[in-house]
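User: I am new to this structure. Please walk me through the reasoning behind its labels.

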Amino acid sequence: MKPSTGPSVAVIGAGMAGSAAAMHLARRGARVTLFEQFGFGHDRGSSHGATRLFRIAYFEHPDYVPILQRAYALWKSLEAESGETLFHETGVLQAGAPGGGFMQGLAKAIADHDLPVAQLSASDIAHAHPQLTLPSHFIAYFEREAGFVMAGKTVETQIRLARDAGASLRPATPVLGWTPAAEGVSVETAAGAEIFDRAVITAGAWANGLLNLPKADVKPWPRTLFWRRPQTEGFALGRFACFAVEEEDGRFFYGFPAIDGDGVKVAEHSGGHAIARPEDRGDAPEPGESEAIDAFLAARIPALAGRPGKFQRCLYEVSPDHHFLIDRHPLSDRVVFAAGLSGHGFKFSPALGEALAAMALDGETPQHFRFLSLARFV
Ligand SMILES: Cc1cc2nc3c(=O)[nH]c(=O)nc-3n(C[C@H](O)[C@H](O)[C@H](O)COP(=O)(O)OP(=O)(O)OC[C@H]3O[C@@H](n4cnc5c(N)ncnc54)[C@H](O)[C@@H]3O)c2cc1C
């Protein structure tokens, strides 16, 4: 490989966003240094574990849809280039009470973007998704071009491809701070200060320490994932789709087919609370979390109720309005960041990396990302 002569870029934080940015930047010829405070692939942030939902019909805000359409194409390219299976297009069954934010937001995203997402009748659900028991007044959509992506495996793959494209990797190297410098950015680690032409900050739940943007405060928000081992093959990959269900009271649950001996992964997306520091996450579920999952399963997926299984803690990194923060830093045009991915960022990974690379190298925020800028808090 020819040594790169492009601009030097420090990427700070090697979770989903940083690994994606490093890969795209290195492929575009930048001289990338990827800093990670812990070991690569660690389990203290937001990007570890097996799976994350991928959906395009986005109830959270219809303006995410064009980014997700780009991400869909890029997930396929990433699989082809890496030789890894990273995206399982199982389809996602999405259901909820008619007046709820989920069904209303979904209907708007589908209508605004004319998405090929079918509304299902009660008999369709009973026929195609017999594992689920839904109240007869619930609305349900099945999105075929949706499914799940592999989380830890994607981060590992993106870091490998970044390295193959020339990125230099610095695990176990916390960045202590940065300051604007003449014609660059000074990045400080325990080894001293180093000047880069540009920096990309992708520090997840640790973002506040590096961004210091009080109006766009990012809060660590622990959640727990649960697994339930089924008694039958009816929940295996190919026989059971991913699902997301909003209950009448607004609680929101989602889950995945069983992809290994651990069984079906199910979690509550709603609820929880912020904590002061990511380090305070804890390793055990909070009181009531396990009971909420069991009550949901008893009502909606009775064959999994009471079944044994493991759990895993993870951290959301929540912005004030639960939408992403993607912009350049007010103190320096040379510093761009993605933060506050608020528990729903993984599916965007390759498109987000592409956008961060464009912001750092071309000086322009791609059009579809502009609604996520800091301007909304000013
Ligand atoms: C339980 C759970 C379920 C989720 N489900 C879904 C889903 O179904 N679909 C979906 O799309 N998304 C989902 N998400 C959200 C998604 O996983 C996150 O939005 C995404 O992984 C965030 O990635 P990140 O790179 O911003 O943060 P992180 O993965 O936390 O990466 C930030 C990295 O920066 C490093 N770092 C921080 N500070 C420094 C420093 N000073 N120096 C060096 N390194 C530093 C950290 O150690 C960390 O490795 C889920 C998240 C969780 C926790």
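Analyst: The turns below take up domains, ligand shell and strands.

User: How do you know where the domain bounds lie?

Analyst: First, this is a predicted model. The bounds come from an automatic or database domain assignment. That divides the protein into domain 1 (8-48 + 152-218 + 321-377) and domain 2 (92-144 + 220-318). Their C-alpha centres lie 30 Å apart.

User: What makes residues of the two domains count as in contact?

Analyst: The cut-off is 7 Å between C-beta atoms placed from the backbone. The contact takes 14 residues from domain 1 and 9 residues from domain 2. On the domain 1 side, these divide into 6 nonpolar, 7 polar and 1 charged.

User: What makes a residue part of the shell around the ligand, and which come nearest?

Analyst: The C-beta atom, placed from the backbone, must lie within 6 Å of the ligand. There are 36 residues around the ligand, and Gly13, Gly15, Gly45, Gly204 and Gly345 come nearest.

User: Why are those glycines called polar?

Analyst: The classes put Gly among the polar residues, so these five carry that label. By class, the shell holds 19 nonpolar, 12 polar and 5 charged residues.

User: Which elements and domains supply the shell around the ligand?

Analyst: α1 (16-27), β3 (51-54), β14 (219-228) and β18 (311-318) each supply at least two residues. β18 gives the most, with 4 residues. Domain 1 and domain 2 each provide at least three residues of the shell.

User: How do you know that β11 and β12 pair?

Analyst: Pairing needs at least two DSSP bridges between the strands. Strand β11 (residues 184-189) and strand β12 (residues 192-196) are joined by 5 bridges. Therefore they count as a pair. The two run antiparallel. Val185 stands opposite Phe196 in β12.

User: What joins β11 to β12 along the chain?

Analyst: A hairpin does, through 2 residues.

User: Why is β12 called an edge strand?

Analyst: Take the sheet first. It is open, has 3 strands in the order β10-β11-β12, and its pairing is antiparallel. β10 (177-181) and β12 each pair on one side only, so both are edge strands. From one strand to the next, the twist averages 25 degrees.

User: Where do side chains point in a regular strand?

Analyst: In general, they alternate between the two faces of the sheet.

Note on methods:
Residues are numbered from 1 along each chain as its sequence is written. This is a predicted model: local features need pLDDT of at least 70, side-chain atom pairs count only at pLDDT 80 or more; totals for chains, interfaces and linings use all residues. Axes are lines fitted to C-alpha atoms, for helices over the stretch in contact, and angles run from 0 to 180 degrees between N-to-C directions.
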